[in-house]
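Here is a model to go through by question and answer. Each label is to be set against its definition.

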Amino acid sequence: MARDQAYLEAEKKIEQALKSGAMELNISLVILTELPESIGLLTQLQSLDLNFNHLTALPESLGQLTQLQTLDLSSNQLMALPESLGQLTQLGSLNLSHNKLTALPESLGQLTQLGSLNLSHNKLTALPESLGQLTQLRSLNLSTNELTALPKSLGKLTQLQSLNIGGKLLMTLPEWLRQLTQLQSLNISLSQLKVLPEWLGQLTQLQLLNLFFNQLTDLPPSLAQLRHLTKLELRDNPLNPELAEAYSQGVDAVKAYLRAKAAAQIILNEAKLILVGEGEVGKTCLMDALLGEPFQKHDSTHGIEIKSFQVTNPDTQTEITLNGWDFGGQRVYRPTHQLFFSAPAVYLVVWKPREGPQQGFVKEWIKLVQRREPDAKILVVATHGGPQQRQPDIDRQELWDLFGRETVADFFFVDSKPDKKGKRKGIEELKLAIARLAAELPEVGRSVPKSFADVRAALQARNVPYLPLDEVLAICRAHKMDDEIARLFITISHRLGHLTHYQHDPALRDIVILRPDWLATAISYIFDDEVTRAAHGLVRFSRLNHLWDDSTRAADSRYPATLHPIFLRLMERFDLSYRVADSTPRGDSDPQSLIAQLVPDNRPENFGIAWISSPSAGDLQQTQICRIVDDKGNTATAEGLFYQLIVRLRKYSLGRAAYADSVHWQRGLVLDDDYNGRALLEYKGNNVHITVRAPYPERFLAMLTEEVKYLVESFWEGLRCDVMVPCLNETPCIGLFEVRKLIENKKRGRPEQPCPVCNEWQDITKLLNNAPAASQPVSIEVLEKQFASIKDKLDVVNANTQRILSQVDKQYADLIQIFTDEAKEGPRLFSLFPLEGNKFNPKNWMRAKFRLVLWCEHSRLPLPAINGMDSKKGVYDLEFDREWFKRAVPYLKFLTGTLSLVLPVMSSTLKVVDDTAFKTLENQLSLGKNVIDAIAGEGTKLGEVMGAADAEINLERGVGLRSDGATLRELHALLKAVDKTEKFGGLVRVMNKRQEFLWVHERFAGEY
Ligand SMILES: Nc1nc2c(ncn2[C@@H]2O[C@H](COP(=O)(O)OP(=O)(O)OP(=O)(O)O)[C@@H](O)[C@H]2O)c(=O)[nH]1
Ligand SMILES: [Mg+2]
């Protein structure tokens, strides 16, 4: 056989090793297809690395390397192993991952010194029993093979600390696993586990449990006992709603939830029924009929009314409690009402066939529901089905074709008015269908802690719209919840929409709202008010007092004045309104709010001043378009999107100092963010066009685009937002290009792409000039240099300063964004410096004391800068070794670099620290930076992570650093251990509008 270049090279290396008596040999990455027999001569070899080659077999002579301790054969194409492998009895570590092995030799069992064995990513269908003899194994990786069972003998590997049996489609956990009591890390991801055994809680050393992508709905309560468990991965499991919420709060919350469950659990059979449709079609009468109440005429419903009734699942005879939500059908209520839609619910789209075909409305309502809740189950119900009425004229097939039978489950024709014999046509059939659909909801039949169900029942029994927090906590205590569980119960219930509680809002934190319909009704009175409408949504508090406590209304639909501030605050929380800046004398005593839904239809007169016809000198202009589409790619309306944007983006409003300067209308909005530039948002068709003018428009444009995208995709789960850039044809063209695809094409080396409308071929690079995602981010080193040139004149307004400040802002936002996941468990920002100060030699040390200081993620300042420089809050003296620094250096470098840019900016804008304090902080930062830079200079890893200069660097930088989350996890565990009383120096964990956690000084918690 002709020997190729790689073979000859390998032979040469072996020869050299033989001559020099080397104990290590590395022949990796040379595309070797055959290993020379002569390898067997290296009998003194201790370490052999052959990874990333194309080996399909190994010579028997390999068995002569009896001194081998480490053998790496990963990423080859091995199909079988020689029996002689069993002679390598000194082997401590064997890596065979990423090969094509279908079986292993029995002799593997002779390698009794093995501490680590990696067999992942092969095609193994069975494992030899003899594997159980490897009793020294500490780490075993069997993931991603074609195994259907694992040998029982693995239970003998009681020294195992790390076991990966993921990717194997396991249906249940094998019993022998419970003997592996030393396990610290267990990976069972990508399997088909439906339940986990109670005994899993006996693996008390577990720190890391990876259950990613299984079929789990619940966890055994015993997991609450795993004291060391800090990392629990449960993504992509159909978790029951309570557990899913607890999980979104972090590991400690999951443990607290399981603790509550361990006490006692109960099966819940209840579901939500939502009635929607145009006004006057008979929703309220239908609700009466379902409740079995007498037929009566009703006034139009204001807001929402909630009533409960029981149905019986005909298949199992179980009783299901349905909470029926009857929505007022007036059009103005629509944007608000969808706030109260939720996925696990049965929906009735009600219509009235008498008044000609209303099929169009039915379609619209189904869309409205489906865009918010793509998994919703809908029944279409025609009312007024009296004896003389003709069959309702609706094209069922069309609706099924459009929405699918899994969405539109069935059609009904009912009469809520009883006939002469007292019978209501179609109601019993409808109830049966509702029961059947409800029984299938994931919510029905789920098990929850009994205390949760008890407290909910007790709260309902009080039959009041709200209760003081203290009283709710007392009720929790009476049902044996400790305070941690009680708080978790409230958080979970809030997130599931069972009650409303804002724990950090000073105006709301002492009250728990038990009835959402109460608020919806109060809001409906404002929408119905002609005066507020005429004032384009601007309303004074005194007017709200009048609307909410209108003496002409029945007593039960009036609200006392004490509730009014709470209502207003809740409306702000729901993104329906905000308090406007008002410097008039009346402003303080009788503040004004803007009800966003009622802003004027047309552009206001001051538009031309706020947004001049072309960008000013020094400013660049960029435009991106958020194209809103449904799951089939058709453009779609996100009902009420612009109102929410007007409220959510108010801190950038031109009227933030004086309301009269605001520029917004039903389909447009002008915003300003200081050095980050000025923006115009316009709703054209179903698309949001965002244009930014600034010396560095990327920052504000990326932020606004993200905001629109996030809002669309999180609030309207059935919709998606594609980010587009405009066609550059000189004769104006409405064509749009999708940024993601442009980047893809550019990567494939395509220079041009035609416009889908005018068909002009255009330069991809030029098109991407409008897209921040494609721009080259500035490396931190370059940014540091540029920043140094403007550092002492931060308040000078010129294009250069603004550009650099904007880039610093972006750098900070990236840091926060990349580590979103880690923020669940603890803060992301800290600085470190050696306690020895200047005397410390960053080059030559092994272990040293450092001062670690936590920072507030809202103000972007270290805690002592906020608490006073002598405060010890969030300040820790800890010992670190050089190894830790080495591992953590990519994160530390990114973090410290960013913080040293952010500190001068923040202290100059906020002016909270005096000059000496600022100098101290700055010195400490630079001391820390020296240590980090010294260590960073040694390794190559950093270069790889930080230096990539690709168009998608943002993404890649993210991926590179993401793996570094371990640094933060370790640190969180450490800080929790040293600071038991006050977790994280008193930093409070809050959630922003994007449902991301931030750790902020308590002073700023109220802003979330
Ligand atoms: N004959 C007959 N009349 C009905 C039926 N349903 C409703 N009506 C009449 O229609 C009127 C309006 O019905 P409602 O149930 O109040 O309508 P709605 O859909 O709740 O209206 P909004 O609350 O404004 O959205 C009632 O007052 C009844 O007079 C029905 O099935 N048969
Ligand atoms: Mg009604």
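The questions below take up a metal site, several helices and some loop residues.

This is a predicted model, in which local features need pLDDT of at least 70, side-chain atom pairs count only at pLDDT 80 or more, and totals for chains, interfaces and linings use all residues. Residues are numbered from 1 along each chain as its sequence is written, chains are lettered from A and ligands numbered from 1 in the order in which they are written, and side-chain values use heavy atoms, with hydrogens and water left out.

Q: What makes Thr-284 and Thr-301 donors to the magnesium ion (ligand 2)?
A: Donors are N, O and S atoms within 2.8 Å of the metal (3.2 Å for Na, K and Ca); water is not among the atoms, so sites may look incomplete. The OG1 atoms of Thr-284 and Thr-301 coordinate the ion at 1.9 to 2.0 Å. The two residues come from distant parts of the chain, 17 residues apart: Thr-284 is in helix H4 (residues 283–291), and Thr-301 is in the loop between H4 and strand E13 (304–312). Helices (H or I, at least four residues) and strands (E, at least two) are DSSP runs, numbered from the N terminus.

Q: Why is Thr-284 called buried?
A: Buried means under 20% relative accessible area, exposed over 50%, and partly exposed in between (1.4 Å probe, protein chains only). Thr-284 has 12% relative accessibility, so Thr-284 counts as buried. Thr-301, at 9%, is therefore buried as well.

Q: How do you know that the span of helix H12 (residues 516–527) agrees with its length in residues?
A: The expected span of a helix is 1.5 Å times one less than its number of residues. For the twelve residues of H12 that gives 16 Å, and the end C-alpha atoms are 17 Å apart, which agrees.

Q: What makes H12 mostly covered?
A: Twelve of its twelve residues are buried, among them Trp-518, Tyr-525 and Phe-527.

Q: What span is expected for helix H11 (residues 483–495), and what does the model show?
A: H11 has 13 residues, with 18 Å expected, and reaches 18 Å from its first C-alpha to its last. Its buried residues are Ile-485, Ala-486, Leu-488, Phe-489, Ile-490, Ile-492 and Ser-493. Their cover includes helix H2 (241–249), helix H3 (251–263), helix H9 (450–462) and helix H10 (469–478).

Q: Why is helix H18 (residues 641–648) called oblique to helix H19 (residues 698–715)?
A: Axes are lines fitted to C-alpha atoms, for helices over the stretch in contact, and angles run from 0 to 180 degrees between N-to-C directions. H18 and H19 pack at about 130 degrees, with their axes 11 Å apart. That makes H18 oblique to H19, because angles under 35 degrees count as roughly parallel, over 145 as roughly antiparallel, 65 to 115 as roughly perpendicular and the rest as oblique.

Q: Which residues of H18 meet H19?
A: Contact means heavy atoms within 4.5 Å. Leu-641, Gln-644, Leu-645 and Arg-648 of H18 meet residues of H19 including Glu-707, Tyr-710 and Phe-715. Gln-644 and Arg-648 are also touched by Asp-575, a residue in the loop between helix H15 (564–573) and strand E22 (577–579). Asp-575 has 6% relative accessibility and therefore counts as buried.

Q: What makes helix H22 oblique to helix H23?
A: H22 and H23 pack at about 140 degrees, with their axes 10 Å apart. H22 is therefore oblique to H23. The contact includes Phe-787 of H22 and Thr-801 and Leu-805 of H23.

Q: Where does Leu-794 lie, and why is Leu-794 called buried?
A: Leu-794 is in the loop between H22 (780–790) and H23 (799–818). Its relative accessible area is 14%, so Leu-794 is buried. Leu-794 touches Phe-787, Thr-801 and Leu-805, among others.

Q: Why is Leu-29 called exposed, and Phe-52 partly exposed?
A: Leu-29 has a relative accessible area of 65%, so Leu-29 is exposed. Phe-52, at 48%, therefore counts as partly exposed. Leu-29 has a phi near 60 degrees, a positive value in a residue other than glycine, and Phe-52 has a positive phi of about 55 degrees although it is not a glycine.

Notes. Lists of a residue's contacts leave out its neighbours within four places in sequence.
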